[in-house]
Amino acid sequence: MYINCHTYFSFRYGTLSPQQLVESAAARGAEVLALTDLNNTSAVFPFVAACREKGIKPVVGIEFRSEDKRRFAGGSRGVLFYIGLARDTTGFRQLNEFLSQHLCGQEPLPARAPELDHCLFVYPLGALAPELLRDNEYLGVRPAEARNLRRRPEHAAMSRLLIWHPVTFLDKVGFNTHRLLRAIDHNTILSKLPVSAQADPGEVLLETDALLEPYRAFPQLIYNTMQVLERCVFDPDTATPKNRKTFTGNPADDRLLLEKLAMDGWRRRYGRGVEALKQVQHELTVIDKLGFSPYFLITWDIIRYARSRGFRHVGRGSGANSTVAYCMGITDVDPIELDLYFERFINPHRASPPDFDIDFSWDERDEVTDYIFKRYGRRHTALIATYSTFKGRSIIRELGKVFGLPKPEIDRLVRNPNDPALQDDITRMIFRYGERIADFPNHLSIHAGGVLIAEEPIYQYTATELPPKGFPITQFDMYVAEDIGLYKYDILSQRGLGHIKESVEVIRQNLGKSVDVDDVERFKRDPVLNERLRVGDTIGCFYIESPAMRQLLRKLECADYRTLVAASSIIRPGVAKSGMMREYIQRHHRPDAFAYLHPKMRELMEETHGVMVYQEDVIKVAHHFAGIDLADADILRRAMSGKYRSRDGFQKIRDTYFRNCAERGYPEQIASEVWRQMESFSGYSFSKAHSASFAVESYQSLFLKAYYPREFMVAVINNFGGFYSTEFYVNEARMAGASIHPPCVNRGAYRTSILGDQLFLGLQHIKDFERERALEIEAERMQHGPYDDLEDFVRRVPLSLEQLNLLVRIGAFRFTGRTKKQSLWDAAMLFGAAAGRAPDHKDELFCVPARHYALPDLTHTSVEDAYDELELLGFPLCDPFLLLDQPLPAKRKLASELAACEGRTVYVPGYLVCTKDVRASSGELMKFGTFMDAEGGNFDTVHFPPSLKRFPIVGRGVYGMTGKVSLDFGVPTLEVQHLERLTWIPDPRYSEAPAGRVPVVDAASAKAKRPGR
């Protein structure tokens, strides 16, 4: 009899998961249940699955409310208009399409429901006169309204009335949770939350007798409700695939087209190689048998479009295991060369289509996505949503605000939640209810790249919303999509491809050369590139630039493609955490000094020295070592990559594994150790094909860095998104011989640029400088020529005095020969009485020169420049060590000298590059650090908890560190025992520093001081 139940997908309103709602209803004897979340359908399919399990008849619908400003940022729930119930799957589609028009078109919901012939609508009592109701419309009577029903005019139209007892929570604690969610939604303290923003305290699940009690006097009303629920039959097919079924419109034509493309590619890639031909034919047979031809062809079509637009791509994921995909140009990894495991990608037991992850440059991906929507139709295409949930510190902050705590107290509670001084009734309530709402969905977000292309209109399964990105998204996540047979295409973006694309263009502009970055086979054999790999000289290069990765390359002495492929997967947390990364390094250097766990392990994993490095290794071990069938082995794979949610299913596979191992006579100790290694991969492991694809892109980046380092670093700076901040990429360019200049209105541009070996930072790097003004400066110069001086600039570019002063202070007018202080005076005089606005010259017939006044001598030092740069760019362009107020001690070590100091305690000064927080085995905080020495070389540090507590790292700057040098596979690390941040020369802009304390600092002296690493 419940026609209006909510789950926590009524964001910041409901308090129950779909499973909790159904289980609680079953415990109270419910036989039919209607789910109607607020302007949302996220819970529909999990709700249906739970109802089927409990033997309850599911009815689905939507509660339509006006002014729903939540969308992606939170907001009011608005006024309840009506609830819509789907009579069948067609009705569900009609409701979804109607709601989508509101959510995507930003049109207000009509106060009267539309005429949808497969839906039923229920209005609040009094919303419409009974005689105005259509045949599929009813009025709902709340329990409190039933007492006075005989005195209302609607009593005469009893056939149009239904029981309306909403369900939002289970008990008083649930009601309190609901109120807290409503206060969060309204951004108000709990005591000021209006009653109109809350559900009625009685919106709880009741036993059937208690539910019907208020309506006993109106048996017609009870009968009406039963009839309405009887008319609603929602039994969706969740077993068969829902993706677009053909590419050409005909399965036979799909098969022929796929075969033609594969065979053309075979001849192009392999030159009629027999082994490759057999593999291609085998794969085509499996692909056709499983009905996956459209998936390959649609992926090929997307890449074909991208190539027609000149876009680079990387095909990765398990899709790179397929020789057919390689022949079609979807991927550039040769599965035969790397002995990739095709059954990891597709096997006869696999029901879901294969995984293709297609990367495009971050600034081109949206155009590819737009093509997909236009090519396959917006009614059939949508991005996948994710659920942004309440988590960790954000819960404390949200509930702290709701309970009225001041911000400083909330900050202290976030930093140290166990502080006894902060424990009181309020904080205990915060933690109690924080646990209840942990992992509640807060709002919808967008999956990193998942796109659905369905055979039927997408509204058959979900309503859609329109985030700021401009592409409709589903209201469910990828797990629900897969549960009902909708499988995504991953159209992803990354900065690495942007680095490569822009590097090629910058090289062409600066050097007049056309560079081929696709000759990867030559790159793999290049001794220059392989030596760069071996010594970890890879800053700026895709995926191999982080401190941890550079350390790993050095420990492995990685000097070839295959080792790099392994390193790309070994670096993942699962392998490292299990201890197998260290084991792999040892075995890599001494392949004859270890014993395999079992002869079968040698047969399966000799290439990786018996260490499970890739997802394929785990599948091969599960299947060939333990006899688990490939379908279950694929479930293991999904669990490893974090794409499988059922712990029950995982436990069944575990039981099967140990049972099979026992039947095969394996010792329990060996079986347990093999399982431990497999289990440690959960959520983190890569497929070998994925690692190989990354390694190809790493080689392309490394080629550009090795042979065109200055141009490459310009591209890295302009595309952002690398592991390090801009400052350290600028330093890399300086180390490569570039002279670094601050932004310039005449020689620079909006983006960073290079002329010969002169690198000019872009105007986009100036903090608080308006993007529109920066673009206008460049456009005006390109159209009418360089600016003569500051006065000419002010006449041609309209901007405020405040914005002009930013340009002056960063040195953008140094071409005039005037100092910054002189130019600041000039700017003030030019603006004169314009009160900070640009003077208006538009009505001047002739340019009248501004007056110039004699100024006193205004001293200026390069240290002032450094502090201006720190303020406006975030870092100084000079050598940071030249800003120290005391010279460095003579007895100090450089990064290049540490390897020879194993076991010794040394003093090393270093400029902070980055840190990484980790938890020691004790649970205490420790850090790994990377610093730059006075010659530009990098070194790594470890700060164990006792040292970190006494000597914390407190932000940017030069630190003097004393510590013991340890070597791990020949790679030094400084175990810091003492640390202090060295003081810089006081800011002369705000202090009276003695003239003798201010050195001359310029790019030339900084460059001369750094001959190499």
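Arg397 counts as partly exposed in this predicted model, at 35% relative accessibility. Its salt-bridge partner is Asp411, with N and O 2.7 Å apart. Asp411 sits in helix 15 (residues 407–415) and Arg397 in helix 14 (residues 392–402), so the pair ties together parts that are 14 residues apart in sequence. Asp411 itself counts as buried, at 15% relative accessibility.

That pair has plenty of company: the structure holds 68 salt bridges. Side chains of opposite charge can pair when their charged atoms come close. Here are a few of these pairs side by side.

| Salt bridge | N to O distance |
|---|---|
| Asp411 and Arg397 | 2.7 Å |
| Lys688 and Glu607 | 2.8 Å |
| Arg676 and Glu673 | 2.9 Å |

Take the pair of Lys688 and Glu607. Lys688 belongs to helix 30 (residues 688–707), while Glu607 is in the loop between helix 25 (599–605) and helix 26 (615–625), so this contact ties together parts that are 81 residues apart in sequence. Lys688 is buried, with a relative accessible area of 5%, whereas Glu607 is partly exposed at 40%.

Arg676 and Glu673 stay within one element: both lie in helix 29 (residues 668–679), three residues apart, which is about one turn of the helix. Arg676 is partly exposed at 33% relative accessibility, and Glu673 is partly exposed too, at 24%. Elsewhere, salt bridges that share partners link Arg809, Lys820, Asp865, Asp868, Glu871, Asp987 and Arg989 into one network.

What about the cysteines? The structure holds zero disulfides. Cys541 is in none, and the nearest cysteine sulfur, that of Cys558, is 12 Å away. Cys541 is buried, with a relative accessible area of 0%, and Cys327 counts as buried at 1%.

Now for the strands. Five of them form a closed barrel in the order 18-19-20-22-21, with mixed pairing. From one strand to the next, the twist averages 50°.

Going around part of that barrel, strand 18 (residues 905–919) pairs with strand 21 (residues 958–968) in the antiparallel sense over seven bridges. Thr905 has Lys964 as its bridge partner in strand 21. Strand 18 also pairs with strand 19, again antiparallel, over eight bridges, and Leu912 has Phe931 of strand 19 as its bridge partner. The hairpin of strand 18 and strand 19 has five residues between the strands, and there Gly923 takes a positive phi near 90°.

Strand 19 (residues 925–932) runs antiparallel to strand 20 (residues 938–943), joined by six bridges. Thr930 stands opposite Asp940 of strand 20.

Note on methods. Residues numbered from 1 in each chain as written. Predicted model: local features only at pLDDT ≥ 70, side-chain atom pairs only at ≥ 80, totals over all residues. Heavy atoms only, no water. Pairing = 2+ DSSP bridges. Helix = DSSP H or I, 4+ residues; strand = E, 2+ residues; numbered from the N terminus. Axes fitted to C-alpha atoms, helices over the stretch in contact; angles between N-to-C directions. Disulfide = S-S within 2.5 Å. Buried < 20%, exposed > 50% of the residue type's maximum accessible area, 1.4 Å probe, protein only. Salt bridge = Lys/Arg side-chain N within 4 Å of Asp/Glu carboxyl O.
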